Amino acid sequence: MQGTSSVIKAVAAWLLALMLTVAAAVVVIYFVNAKAYGADRHVESYLQKLADGEGGQALGLLNAQVPDANAALLDGDALRASVKGLQVHSIGAAEDVGGGRVEVAVDYAYGSAEETTRFVLENTGKRWFFFDTWDFVPSALPTVQVSAPSLREAALNGVRVTLPEGANTFAAFPLSRVAASYQSQYLAAPEQVTLVTAEGNPRLALEPEATKELVAKIDAGIREFLDSCTAADRLAPPGCPFYHLTNNRVEQPIRWSIADYPEVELTQAEGRWVLSPLRGTARVTATQVDLFSGDKSPLVAEEPFTFTASLRVDGDNVTLSPQVE
């Protein structure tokens, strides 16, 4: 009987050890499945591909289609720049949303700008009989529309892009940051920024402003035009905005000068630069003869004038065309 009792005790101990081993294995498999093969790990892998600038691999992981849009932000330097400064505060636990799908929320920020993006993933089977496999639910990449009616190009995350007809649409990865700006010798548009989530298609509107160099160039062009008018030895210089009317006969030489040059004021209308009406004062000096008495006297008069000018800014080319009625 003692032998039988010893065997029973040994078997019981062995069964207990086996049960503990199985239980430990189940626990290990559970935690490995959750930590190493969970849906949140799939999201982490996606974020790493963005940081590495591997747009093709990120696109494959995301299981997303590229919409009919410019792809300048989807690879290389532009992509790396789009996630530079990304601070991931948390990647939430997978929440069951039914149908074998889960939702993973990512809380993140770029500086003081905070946002939350939610990814939906679906269970696609098992790996090695125990571990879940997850894929992002197929979707289309969001887009960012950039508009600037008076521009034909801009910089997106430091990369030069075209804006045909003053606008363009760009595909972007969720969790990226898109910064649009423009800078040239004559025009500058302050940076506009948006954060891209998995939902919605944000818009960025650039509002270019004239630089000091552009105002100075226009001012120089206007002065050159008016100075050329003062060279005419006539009371009404042809093609010029000023003239002098008198009932007396005026002897030559007739000398004109500009007492007050117009101030340059620029506005935008329908994507074009428009000069406000140009107002100034011209001074004429000569000798006039009274037609009745024949007496001569100095002619000194100031004549206010107004004219307009059309303006075209195309890159580094500025075209100014005075228009005198």
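**Exercise 1: a residue with positive phi**

Locate Asn63 in the chain, then settle how accessible it is and what its phi looks like.

*Solution.* Asn63 sits in the loop between H3 and strand E1 (64-65). Helices (H or I, at least four residues) and strands (E, at least two) are DSSP runs here, numbered from the N terminus. This is a predicted model, where local features need pLDDT of at least 70, side-chain atom pairs count only at pLDDT 80 or more, and totals for chains, interfaces and linings use all residues. Residues are numbered from 1 along each chain as its sequence is written, and side-chain values use heavy atoms, leaving out hydrogens and water.

Next, accessibility. Asn63 has a relative accessible area of 33%, so it counts as partly exposed. The cut-offs are under 20% for buried and over 50% for exposed, with partly exposed in between (1.4 Å probe, protein chains only).

Finally, the backbone. Phi of Asn63 is near 60°, a positive value in a residue other than glycine. For background, most residues other than glycine have a negative phi, and most peptide bonds are trans.

**Exercise 2: another asparagine, and a proline**

Find where Asn157 lies, give its phi, and say which residues the cis peptide bond joins.

*Solution.* Asn157 is in the loop between strand E9 (153-156) and strand E10 (159-162). Its phi is near 50°, again positive in a residue other than glycine. With 13% relative accessibility, Asn157 is buried.

As for the cis peptide bond, it joins Gln252 and Pro253, with omega at about 10°. Pro253 belongs to strand E16.

**Exercise 3: two packed helices**

Describe how H2 and H3 pack against each other, and name residues that meet between them.

*Solution.* Start with the geometry: H2 (residues 39-51) and H3 (residues 55-62) pack at an angle of about 160°, and their axes are 8 Å apart. Axes are lines fitted to C-alpha atoms, for helices over the stretch in contact, and angles run from 0 to 180 degrees between N-to-C directions.

That angle makes H2 roughly antiparallel to H3. On this scale, angles under 35 degrees are roughly parallel, over 145 roughly antiparallel, 65 to 115 roughly perpendicular, and the rest oblique.

Then the handedness: the crossing of H2 and H3 is left-handed. A crossing gets that label if the near helix is turned anticlockwise from the far one by less than a right angle, and is right-handed if clockwise.

At the interface, His42, Ser45, Tyr46, Lys49 and Leu50 of H2 meet Gln57, Ala58, Leu61 and Leu62 of H3. Contact means heavy atoms within 4.5 Å.

**Exercise 4: the disulfide**

Hunt down the disulfide and say which parts of the chain it links.

*Solution.* Searching the whole structure turns up one disulfide. The cut-off is a pair of cysteine sulfur atoms within 2.5 Å. Cys229 and Cys240 are the partners, with S to S at 2.0 Å. The pair links distant parts of the chain, 11 residues apart: Cys229 is in helix H5 (residues 212-229), and Cys240 is in the loop between H5 and strand E16 (249-260). The link of Cys229 and Cys240 is left-handed, with -95° about the S-S bond.

Both ends are tucked away: Cys229 is buried at a relative accessible area of 2%, and Cys240 is buried at 13%.

**Exercise 5: the nonpolar cores**

Identify the largest nonpolar core, its best-connected residues and the strand that gives the most to it.

*Solution.* A nonpolar core is a set of buried Ala, Val, Leu, Ile, Met, Phe, Trp, Tyr and Cys residues joined through side-chain atoms within 4.5 Å. The largest has 48 residues, and Val146, Leu156, Val178, Leu226 and Phe242 have the most contacts inside it. Strand E20 (residues 296-314) gives the most to this core, with seven residues. Apart from it lies another core of 25 residues, including Val43, Leu62, Leu79 and Phe119.

Zoom in on Phe242: beyond four places in sequence, its contacts include Leu226, Cys229, Trp256 and Phe305.

**Exercise 6: a buried alanine**

Decide whether Ala180 is buried or exposed, and find what it touches.

*Solution.* Ala180 lies in strand E12. It is buried, with a relative accessible area of 0%. Leaving out residues up to four places away in sequence, Ala180 touches Val146, Ala155, Leu156, Pro190, Glu191, Gln192, Leu204 and Leu206.
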